[in-house]
Amino acid sequence: MTIKKIRRMTNLSQNKFAEKYNIPAGTIKNWEQEIRVCPEYVLELLEYKVKQDNLSSKQKFDMLLKDSMEEEFISYVKDKVADCY
């Protein structure tokens, strides 16, 4: 995904996007105009962050609950396996 597509997901101007994600506005402009190339890892991190920022509170809660339940299950299984030895 390009930096422009990621920014458009936010409905923010280049300046507001730069401010929100602590990136110099000139850097955003250079990436979008293809004067400079945005590193792939930065694109991946920004895409992840923007998507997380756009989740509703309920979606965030559901994700946390799922993660918590998975951790509890893993802990439970480890305890049961340890009891077998």
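Select N11 to begin: this residue sits in the loop between α1 and α2. The model on the screen is predicted. N11 counts as exposed, because its relative accessibility is 71% and the cut-off for exposed is over 50%. Attention should also be given to the backbone here, since the phi angle of N11 is near 60°. That value is positive, and N11 is a residue other than glycine.

Next, select E34, which lies in the loop between α3 (25–32) and α4 (40–54). Like N11, E34 invites a look at the backbone: its phi is positive, at about 60°, although E34 is not a glycine. Is E34 buried or exposed? With a relative accessibility of 69%, E34 counts as exposed.

Now move to helix α1, which covers residues 3–10, and select K4 within that helix. K4 counts as partly exposed because its relative accessibility is 32%, and this class lies between the limits of 20% and 50%. Keep K4 selected and add K20, a residue 16 places away along the chain. A distance drawn between the C-alpha atoms of K4 and K20 should read 15 Å.

The following stop is Q14, in helix α2, which comprises residues 14–20. Q14 is buried, because its relative accessible area is 19% and the cut-off for buried is under 20%. Which residues is Q14 in contact with, leaving aside its neighbours within four places in sequence? They are R7, I28, K29 and E32. Select E32 together with Q14 and display both side chains: a polar contact of 2.7 Å joins the side chain of Q14 to that of E32.

Finally, clear the selection and view the whole chain. The chain contains five helices and zero strands, and its elements follow the order α-α-α-α-α from the N terminus on. Turn the model to inspect its extent: the C-alpha trace spans about 60 × 25 × 20 Å along its principal axes. The radius of gyration of the chain is 20 Å, whereas a compact globule of 85 residues would have one near 12 Å.

Display the surface next. The accessible surface of the chain comes to about 6900 Å², and 55% of that area belongs to carbon and sulfur atoms. Of the 85 residues, 21% count as buried. Colouring by charge completes the tour: there are 15 positive and 14 negative side chains, and the centres of these two sets lie 10 Å apart.

Terms used. Residues are numbered from 1 along each chain as its sequence is written. This is a predicted model: local features need pLDDT of at least 70, side-chain atom pairs count only at pLDDT 80 or more; totals for chains, interfaces and linings use all residues. Side-chain values use heavy atoms; hydrogens and water are left out. Helices (H or I, at least four residues) and strands (E, at least two) are DSSP runs, numbered from the N terminus. The radius of gyration is taken over C-alpha atoms; the globule rule is 2.2 Å times the number of residues to the power 0.38. Buried means under 20% relative accessible area, exposed over 50%, partly exposed in between (1.4 Å probe, protein chains only). Accessible areas come from the Shrake-Rupley method with a 1.4 Å probe; for residues, only the protein chains shown count as cover. Lys and Arg count as positive and Asp and Glu as negative; His and the chain ends are not counted. The place of a charge is taken as NZ of Lys, CZ of Arg, CG of Asp or CD of Glu. A polar contact is a pair of N or O atoms within 3.5 Å; within protein, one must be able to donate a hydrogen and the other to accept it, and residues adjacent in sequence count only if both atoms are side-chain atoms. Contact means heavy atoms within 4.5 Å.
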